[in-house]
Amino acid sequence: GGIELRAWGAGRGDMLRRAANVAFTVPVFITINDCIVSVARADASEPRENIWGGPRETGEASSSSPSPGTSARLVLLDRVTPRTFSFARGDVVYLRSPSNQDRWVTRRLVALEGDWVTRAADDDVTKVPRGHCWIERVEAGTGDRDEDGRAVPLALLDARVSHVLWPPSEVGAVRRKTRPGRVLMRTTEVDPSAP
């Protein structure tokens, strides 16, 4: 009787230790996932683009679910960038789709607020409004004309895509790319009342 009681008590101590470890680990994991870095599935229904560094599929984007036989891309998201407002021209960003708030997409950030950007479709020059940025697909013309380039609120940007983790043929860092001549960057505004 006494030996069994001791064994049960020792098991209960191990169980309490495990519960304490979980109680400590879960909040740490959640904090890291929400504030520092996390892994997400890039929308596999979109055509593969050159930003991934691997082979490119052709075809139009159809639905929000991947077609049979397509493997989803897993990407590493830098969640510090939106908290520090340190997005830069050429970053690949993870955001809520401007046309469908239930869908998450990856796009290239072309210009920031105050910049003048040349539209890819018609060479018109547009100023990016305050509180917005200009995003577009890496290759203009691979989907809806509406999605080829537009100003969206900065609040839609959730993270910066820093690396591709899956599939193995595309693993690596996502490089910042800008096309010369597309953006006339804003200059610092001069306060006329300053001495």
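## A friendly note on strands, a ring pair and a surface patch

1. Let me start with one bridge: Trp 134 has Ala 151 in β8 as its bridge partner. The model is predicted, so local features need pLDDT of at least 70 and side-chain atom pairs count only at pLDDT 80 or more, while totals for chains, interfaces and linings use all residues. Residues are numbered from 1 along each chain as its sequence is written, and side-chain values use heavy atoms, with hydrogens and water left out.

2. The strands β7 (residues 132-136) and β8 (residues 150-153) pair in the antiparallel sense over 4 bridges. Here two strands are said to pair if DSSP finds at least two bridges between them. Helices (H or I, at least four residues) and strands (E, at least two) are DSSP runs, numbered from the N terminus. On the other pairing I would point out, 3 bridges join β7 to β4, and these two strands also run antiparallel. In that pairing, Ile 135 in β7 stands opposite Leu 109.

3. How many of the residues of strand β7 are buried? The count is 4 of 5, so strand β7 is mostly covered. Buried means under 20% relative accessible area, exposed means over 50%, and partly exposed lies in between (1.4 Å probe, protein chains only).

4. Arg 150 may catch your eye, as this arginine lies in strand β8. Is Arg 150 buried or exposed? Arg 150 counts as buried because its relative accessible area is 17%. Leaving aside neighbours within four places in sequence, Arg 150 is in contact with Pro 98, Ser 99, Cys 133, Trp 134 and Ile 135. Contact means heavy atoms within 4.5 Å.

5. Now the aromatic rings. A pair of such rings is described by the distance of the centres and the angle of the planes. Rings of Phe, Tyr and Trp (its six-membered ring) pair if their centres lie within 6.5 Å; planes under 30 degrees apart count as stacked, over 60 as edge-to-face and the rest as tilted. By this rule there is 1 aromatic pair. Tyr 94 and Trp 104 form a stacked pair, because their ring centres are 5.2 Å apart and their planes are at 10 degrees. The pair links distant parts of the chain, with Tyr 94 in strand β3 (residues 92-96) and Trp 104 in strand β4 (residues 104-111), 10 residues apart. Tyr 94 is buried at 8% relative accessibility, whereas Trp 104 is partly exposed at 27%.

6. There is also an open sheet of 3 strands, with the order β6-β5-β11 and antiparallel pairing. Why is one side of β6 (125-127) and of β11 (183-184) left without a neighbour in the sheet? Both stand at the edges, and each has a single partner strand, so one side of each stays free of a neighbour there. Strands β5 and β11 are joined by 2 bridges, and Trp 116 stands opposite Leu 184 in β11.

7. Thr 118 belongs to strand β5 (residues 116-118). With a relative accessible area of 18%, Thr 118 is buried. Not counting residues up to four places away in sequence, Thr 118 touches Asp 123, Asp 124, Val 125, Gly 181 and Arg 182.

8. On the surface, Phe 24, Val 28, Ile 32, Ile 36 and Val 80 form a nonpolar patch with about 420 Å² of accessible area together. Patches are made of residues with over 30% relative accessible area and no salt bridge: like charges are joined within 9 Å, nonpolar side chains (Val, Leu, Ile, Met, Phe, Trp, Tyr) within 5 Å. A salt bridge is a side-chain nitrogen of Lys or Arg within 4 Å of a carboxyl oxygen of Asp or Glu. Accessible areas come from the Shrake-Rupley method with a 1.4 Å probe; for residues, only the protein chains shown count as cover. Helix α1 (residues 2-35) gives the largest share of the patch, 3 residues.

9. Ile 36 sits in the loop between α1 and β1 (37-42) and is partly exposed, at 44% relative accessibility. Arg 83, in helix α2 (residues 80-84), is 47 residues from Ile 36 in sequence and 9.4 Å from it in space, C-alpha to C-alpha. Not counting residues up to four places away in sequence, Arg 83 touches Asp 34 and Cys 35.

10. Finally, the whole chain: there are 2 helices and 11 strands. Of its 195 residues, 34% are buried.
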